[in-house]
Structure formats: C-alpha cells, structure tokens
Amino acid sequence: MTLYLWFVFFLAVQVIHFIGTWKLYQAAGRKTWEAAIPVYNSIILMKIISRPTWWTLLLFIPIINLIMFPVVWVETLRTFGKKTTLDTILGIFTLGFYIYYVNYTQKLEYNADRKLTPENKTADTVSSLLFAIIVATLVHTYLVQPYTIPTSSLEKSLLIGDFLFVSKVNYGPRVPMTTVALPMVHDTIPFFKRKSYLSWPQLPYFRLPAFEKIKRTDIVVFNWPVDTVHYFYEPKGRPGVIKPIDKKSNYVKRCVGIPGDSLSIKDGFVFINGKKLVLPERAKPQYSYSVALDGKTPIDFESLLKELDITDGAGFKSEKRDTLYFRALTEASAERLKNTPGITAVIRQIDRGNDNAIFPHINKWSQDNFGPIYIPEAGKTVALTNESLPFYKEIITKYEGNTLELDGSHFLINGKQANTYTFKQNYYWMMGDNRHNSEDSRYWGYVPENHIVGKPVFIWMSWDTNGKGINKIRWNRVFTTVDGEGQPQSYFKYFLILLAAYFVGEYFWRKRKENKA
C-alpha cells in the first residue's frame, strides 16, 4: 500500500471508531467530537477505561497493535458493565463490532471506579501472559531476535548449530511491513505448516535510526531476495507464492561489497575497487582442494581430520584411489596437508568455466572468476543499455516497483522513454566464507537495503549434533561475540560467576529481612 492508501485506510478506521463509540464517550462525560479526532480519541479512550496514556502508543506499533486492540475492546466493554465471558468472546470474535451493539442498543452505565485488577486467577494469568507477549514481541521485532545457523556457508566463523542473538538496532530497526501476522514467528505457524501472516495490508518500508552503517566484512542477517514458497501451505502443482519482504527466509552471510563499490572475483579472491579484500582475523575463507596421495604411505585420516578441525560442512570424499577431494579447507589447513607424509600435492580447485547459474545469468562468469560489477548506491545514476540491463532489471522492476518495457530500441520506464536509471535505495553484495559451498549473491545478485534484518552480535549456545553427552555443547563457543578483534573468547564463566553472586546475594538479603522481622 502507498502512503496515500494508508492515509485513506487510517481515516476509514477513525470513522468506524467514531460511529461505534460516540455514545460511549458521551456516557463517560466526554464530548462527542472527542471520539472523532485521530490519536486524540485514543488518548481520551485510555482515560475513559482508566488505563495508562502510553497504551495509545502501543495501538500504533505494527504487530503489537494486533494484541492491544482486543485488550482495549474488552476493557471498553467492562468499563460499561459488559464483563461476562460471553461479552468478552463477542468483543474479540466480532473484531470489536460488538461495541456497536452496546453503543446503540444498551443502556450505558459508565463505571469510572471499576476494579482494574483481575478478579480471578485465570484472568490474572491471561493478563500476565498478554503483557509478557507484548514485551517479548517488542524486543523480538525492534531490538534483538534469536537466530540459528542452519548451513555451513560461514563455517569457522559461524557453525551449524550456533544459536545467535541478532541485533536490530545496529543497522536500525525495520518497522514491520507485514502488519497482520502472528507475533514472534516468521513465515510459518509452527507444526501446522500454514503461513503466519496476511499479505495485505502492507506498510511502506521504513527504518528507525541506526547506530552504524553496514561495513565491508560485516556478518549480516537479511531476507533472501529471491525467496518464494511452493508447497509449505499451497497445494502441490500451484506456482510459487511471492512472500512479503519481511517474511522472506532469513539468510546470514558476510557483506563483501557496499554501495558504490566495484567488485570482482579473481581465482576465488574478492577484489574491491581493484584491491584484494582484507578479511578480519576471525574470518577463515575456505575453498575446495584436490589432494594427491602417493598410494604407499598409510595415513590416519581420522586423526588428520580432527587435527585440521574439519567438520561435516567441510568433509572430504574420495575421487580416485590416489586422490581425495576436500569440499572446504582453509589455506592454513591446506598448507598443513602439504607437509603430511603420503600426500604429494594439494591443489586449490578454481572454477574457470562459464556458468549461466551465476548472476546476472549471461553465461559469462563462474563462482571463482566474476565481474567487475557495480554495486548500486541510492541516488546514483547508471546508463541503460542492452549490456547493462541484465544487472539492473530486477532492481528496476522487482525491488523498486517500476514497469520496464522495450519499445524498439528504446527502454520505457513507467511508460516514459529512458536511457538512464537512478537508484532509490542502497544495495549490498553478500557471500559465504565457505566459497564453494554457499548460495549467495554470486547466484542471485544484489541484496536491497530494505531486506536487511540485523547484525549477529552474540552466540549464546552452540550445539554439535555429532558430539556425545555433555560434549554436544561446544563450550568454547558459548557466550562468545560474533564480531571483534582477535579470536573468539567465551564469557560463559563470567556469566556463571555473576549468576552465582546473584543467588548468594538474594539468599543473604532474605535472611537479613527475616531476622529484622
């Protein structure tokens, strides 16, 4: 929906509210016109139902308001004497329109001094649960979101089974575009395999102020730009369903190119503006290697793999009797292999062919030799030609909402002839450190700014499915930061010390209180 349509929708909601509540305002000793003024009517309603004024703010926060509206409907009904279970059910399941019935057909008795605390244990539990859901949804939507690493694309930096906290505030919290959705779930209702949202209405993209900009080499969580749904709630045989931006699958990769950069890949190494990209110490890029054996010297592969810390996402397979193929090795591990008795050669695999699966799908480049390409920057203009169109077609039409046609030898954007295009937002280039085992921007192109979710900042748990017993937990990764200088350091012991100090302090405080009593 455009801003204009949202304004019309907002006014329509205000009209519906006024028609259904003006007599309630009168019965509470307020003026009729106070039910008609947007925002102000909500402030007055909070006074009428004896609830805090700041509740008004919650009514205008997407997703949170879906929880608050039923609460306000029920509170309004109880303020005017409608407090039975049936009244509550009718208020919620008629989407508040039961208030119309009360407004026009019932004798209105305003109870300004009604008891606000729950009258029974069940009501108290429901009230506490709603409050907890509201707080959790606020944190999840605007501050910090938990995330699990599902693939090996950032192997070594982030492992399969790492549980992260992703900060929304670093790059600016994105206000949900999908306004009607279940809180604290993504695109699917757990266990039911049904979508958790309605595609309409959609808010225009808006992001709150950020603490920092995305920098080269930052690890970033974003919505996968080309994500569609085929079968998880649609019957088989139907075409893919395009998801709203904020309901596309969450991906995590390393940002290797920022707006305005010229990016190329030469023999697997990323170059930015002609210079080789320098990765932080914690980043350990990996490549595929073939390893030649002399066929005579016995090799203890189990010990070797353990020494090289080769995980499931970077295992090896036998190509020939005298050759091994490693899916992913760091350069340091490759050097270690060269010095292993029985190994005669360690050769990094470089894709030098042409692959039409590689963006922009012109059968010109490969995953290891690519570019140069320009990474679009908001406000910058590029020439439109037959050669440049494959790079920017998706941006012009899909990401920035224009129509694009070819009229003879001329391009028409929104029906007007154009030989240039000016970008409306910034774009980024995301890649996995596990270079030959990562589906990333090399395959589907640019990541728009409005797809950015947040920055992983903290690993609170790491679970190794191949571990046994207590070693299923990777203790050296628990409570480690994702970013920072040097190698990761676990702060778990400090957490345990603080936790123990808290319980000891709590024990002595209670003892002291009992002694005074």
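This passage describes the overall make-up, a helix crossing, the salt bridges and a nonpolar surface patch of a predicted model.

The protein chain has 517 residues, of which 44% count as buried. Its secondary structure comprises 12 helices and 27 strands. The C-alpha trace spans about 95 × 85 × 45 Å along its principal axes.

Helix α1 (residues 3-27) and helix α6 (residues 98-105) have axes that come within 8 Å and cross at roughly 40 degrees. The two helices are therefore oblique to each other. The crossing of α1 and α6 is left-handed.

Side chains of opposite charge can pair when their charged atoms come close. In the protein chain, the count of salt bridges comes to 19. One of these joins the side chains of R477 and D162, with an N to O distance of 2.7 Å. R477 lies in the loop between β26 and β27 (480-481), whereas D162 belongs to strand β2 (residues 162-167), so this pair ties together parts that are 315 residues apart in sequence. R477 is buried, because its relative accessible area of 10% falls under the 20% limit. D162 is likewise buried, at 0% relative accessibility.

A salt bridge within a single helix is formed by E335 and K338, whose closest N and O atoms are 3.1 Å apart. Both residues lie in helix α9 (residues 331-338), and their separation of 3 residues is about one turn of the helix. E335 counts as partly exposed at 43% relative accessibility, and K338 is also partly exposed, with a relative accessible area of 41%.

The side chains of K215 and E212 meet in a further salt bridge, at 2.7 Å from N to O. K215 is partly exposed at 41% relative accessibility, and E212 is partly exposed with a relative accessible area of 22%. These two residues also take part in a network of salt bridges that links E212, K215, D218, K455 and D483.

The surface also carries a nonpolar patch of about 610 Å², made by F131, V135, V139, L143, V144, F165, V457 and W460. The elements that give two or more residues to this patch are α7 (121-142) and β26 (452-462). Helix α7 gives the most, with 3 residues. Among the patch residues, V457 is found in strand β26. V457 has a relative accessible area of 31% and is thus partly exposed; this value lies over the 30% required of patch residues.

Methods:
Residues are numbered from 1 along each chain as its sequence is written. This is a predicted model: local features need pLDDT of at least 70, side-chain atom pairs count only at pLDDT 80 or more; totals for chains, interfaces and linings use all residues. Side-chain values use heavy atoms; hydrogens and water are left out. Patches are made of residues with over 30% relative accessible area and no salt bridge: like charges are joined within 9 Å, nonpolar side chains (Val, Leu, Ile, Met, Phe, Trp, Tyr) within 5 Å. Accessible areas come from the Shrake-Rupley method with a 1.4 Å probe; for residues, only the protein chains shown count as cover. A salt bridge is a side-chain nitrogen of Lys or Arg within 4 Å of a carboxyl oxygen of Asp or Glu. Helices (H or I, at least four residues) and strands (E, at least two) are DSSP runs, numbered from the N terminus. Buried means under 20% relative accessible area, exposed over 50%, partly exposed in between (1.4 Å probe, protein chains only). Axes are lines fitted to C-alpha atoms, for helices over the stretch in contact, and angles run from 0 to 180 degrees between N-to-C directions. Angles under 35 degrees count as roughly parallel, over 145 as roughly antiparallel, 65 to 115 as roughly perpendicular and the rest as oblique. A crossing is left-handed if the near helix is turned anticlockwise from the far one by less than a right angle, and right-handed if clockwise.
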